[in-house]
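I opened the notebook for a quick tour of this protein. These are my entries, in the order I looked things up.

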Amino acid sequence: MDLSLTPSQTELRDRARRFTREVLQPLEQEAERGGGRLPAETADAVKREALAARLHGGSLPVAVGGQGWSVIEQVLVHEQLGQATGGLWSFIPGAYNALVRVDDAQRRRYLEPSLRGERFGSYAITEPGAGSDARTLSATAVRDPATGEYVLNGEKWFVTGPPGETDFMIFHCHLFDGGERKPTLFLVDYDAPGLRMSRDPDYTHTFADRHPQFVLEDVRVPAAAILGGIGEADALTNEWFIEERIHIGARCSGAMERLLDLAVEWATERIQFGSRIYDFQGVAFPLADSAADASAARLLTREAAWLADSGADPKVVHAKSSLAKLFASEAAFRCADRVVQVFGGRGYMRDFPAERFFRELRVDRIWEGTSEIQRVIIARALEKRGVGTVVG
């Protein structure tokens, strides 16, 4: 496994670093004070800067208007984006990887405007009674033989997207076809009759994205709204989960890097009892432990990306992405906790990045599959694929 970077990959990483430090980080406190919201003109400026930096649509093929990054290149970018608090990378134009499966009409209506920053989509999977087990989803699609339309019903929670920006969803449901349930994705505009946002709750973190709840009651859509074909939802959603778990591992690695930068700078300058606090083992040793965690998380995530780029068995990539997500998300939260302690009272103030990371990194152990789900995936892989395959 060769994880050395090519000149073009180094340039991409540095470009993402400049964007994060010069565009996103200066907006962190404004976003925090605004409850995650930025003025429309500021959000538009972020999108323009992202387009100018060629950071939009990174994971999508060039043929559909994306950047065509390899998985390792996606990781290099997300390692930098993870060094901003507030989830401000959400304003970078892009689209879920399921939209690679759009037809020509869907491309013009959904994908191309998304890559220009004119539209934002969300992914509607989770329900009040169904989370990680997609087989238990109660959302349905039934074809009306009189019109050929599909009638959608269901309630979706944690439908992620920037407020005022997101205007369509990818709706994961069970399509009933001759008594058989076929998991299927539909593209649904937010202004469709019968679709309403039922609640927009606040969460522990203050993010650019909101995570509202929606109810669909007899929402009618044409057959042309089906994304990727009937019965393809589980496979397409799983592809997104794998990609996003690798991205989470990368962002958590980046968050740890920034946390350690801040903590080392502070601890080597702060004098107490006549010495730098960095010279006390109670301060330095937790940071050393976090440095080991950060290094391991980065290597695990880059290994999963390298395997994906190398055409490895998709089931092995699945297990490796779960390993990366599990370790990196757990380690990043430990790191944030330690760094808050190093800063003391300042670490508990929302003006300081350590406090914001402490709240924000907690959710990485939950979304896109909880840590417990990742352990289930890894344990099954150990049994089916062999220990050497999973840990080697």
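**Entry 1: the overall picture.** A reminder to myself before I start: this is a predicted model. I looked up the secondary structure and found 11 helices and 10 strands. For the overall dimensions, I noted that the C-alpha atoms fill a box of roughly 85 × 50 × 40 Å along the principal axes. Next I checked the radius of gyration, which is 22 Å; a compact globule of 392 residues would have one near 21 Å, so the two agree. I also looked up burial, and buried residues make up 54% of the 392 residues. Last on this page are the contacts: among those with a separation of 6 or more, 73% are between residues 24 or more positions apart.

**Entry 2: strand β3 and its partners.** I wanted to know how β3 sits in the fold. Of the 7 residues in this strand (residues 150–156), 5 are buried, so β3 is largely enclosed by the rest of the structure. Which strands does β3 pair with? On one count, β2 (residues 140–143) runs antiparallel to β3, and 4 bridges join them. I picked out T140 as an example, and its bridge partner in β3 is N153. The hairpin of β2 and β3 has 6 residues between the strands, and there G148 takes a positive phi near 80°. The other pairing I noted is with β7 (residues 213–221), again antiparallel, over 6 bridges. Here I marked L152, whose bridge partner in β7 is V219.

**Entry 3: two residues with positive phi.** I then went looking for positive phi values outside glycine. F273 has one of about 55°, and this residue is found in the loop between β9 (271–272) and β10 (275–276). E368 also has a positive phi, near 55°, and lies in the loop between α9 (353–360) and α10 (371–385). Is each of them buried or exposed? F273 has a relative accessible area of 81%, so I wrote it down as exposed, the cut-off being over 50%. E368 comes out at 14%, which means that it is buried, the cut-off there being under 20%.

**Entry 4: the second largest pocket.** I looked up its volume, which is about 460 Å³. The lining has 21 residues, and V71, N97, E239, I242 and E243 lie nearest the centre. Helices α4 (71–81), α6 (233–269), α7 (281–309) and α8 (314–343) are the elements that give two or more residues to this lining. Which of them gives the most? That is α6, with 7 residues. By residue type, I recorded 13 nonpolar, 4 polar and 4 charged in the lining of this pocket.

**Entry 5: the cavity.** How many cavities of 30 Å³ or more does the structure hold? I found 1. The volume of the largest cavity is about 120 Å³. It is lined by 13 residues, and W89, F207, E360, L361 and D364 are the closest to its centre. Both α6 and α9 supply at least two residues of this lining, with the largest share, 3 residues, coming from α6. I sorted the lining of the cavity by type as well: 9 nonpolar, 1 polar and 3 charged.

**Entry 6: a note to come back to.** Helix α6 turned up on two of my pages. It gives the most to the lining of the second largest pocket, and the largest share of the cavity lining comes from α6 too.

Notes. Residues are numbered from 1 along each chain as its sequence is written. This is a predicted model: local features need pLDDT of at least 70, side-chain atom pairs count only at pLDDT 80 or more; totals for chains, interfaces and linings use all residues. Side-chain values use heavy atoms; hydrogens and water are left out. Buried means under 20% relative accessible area, exposed over 50%, partly exposed in between (1.4 Å probe, protein chains only). On a 1 Å grid over the protein atoms alone, a cavity is a set of points where a 1.4 Å probe fits but cannot get out, and a pocket is an open set with protein on both sides within 12 Å along at least five of seven lines; lining residues have an atom within 4 Å of a point. Grid points are joined across faces, edges and corners, and a volume is the space filled by probe spheres set on the points. Ala, Val, Leu, Ile, Met, Phe, Trp, Tyr, Cys and Pro count as nonpolar, Asp, Glu, Lys and Arg as charged, and the others, Gly among them, as polar. Two strands pair if DSSP finds at least two bridges between them. The radius of gyration is taken over C-alpha atoms; the globule rule is 2.2 Å times the number of residues to the power 0.38. Contact means heavy atoms within 4.5 Å.
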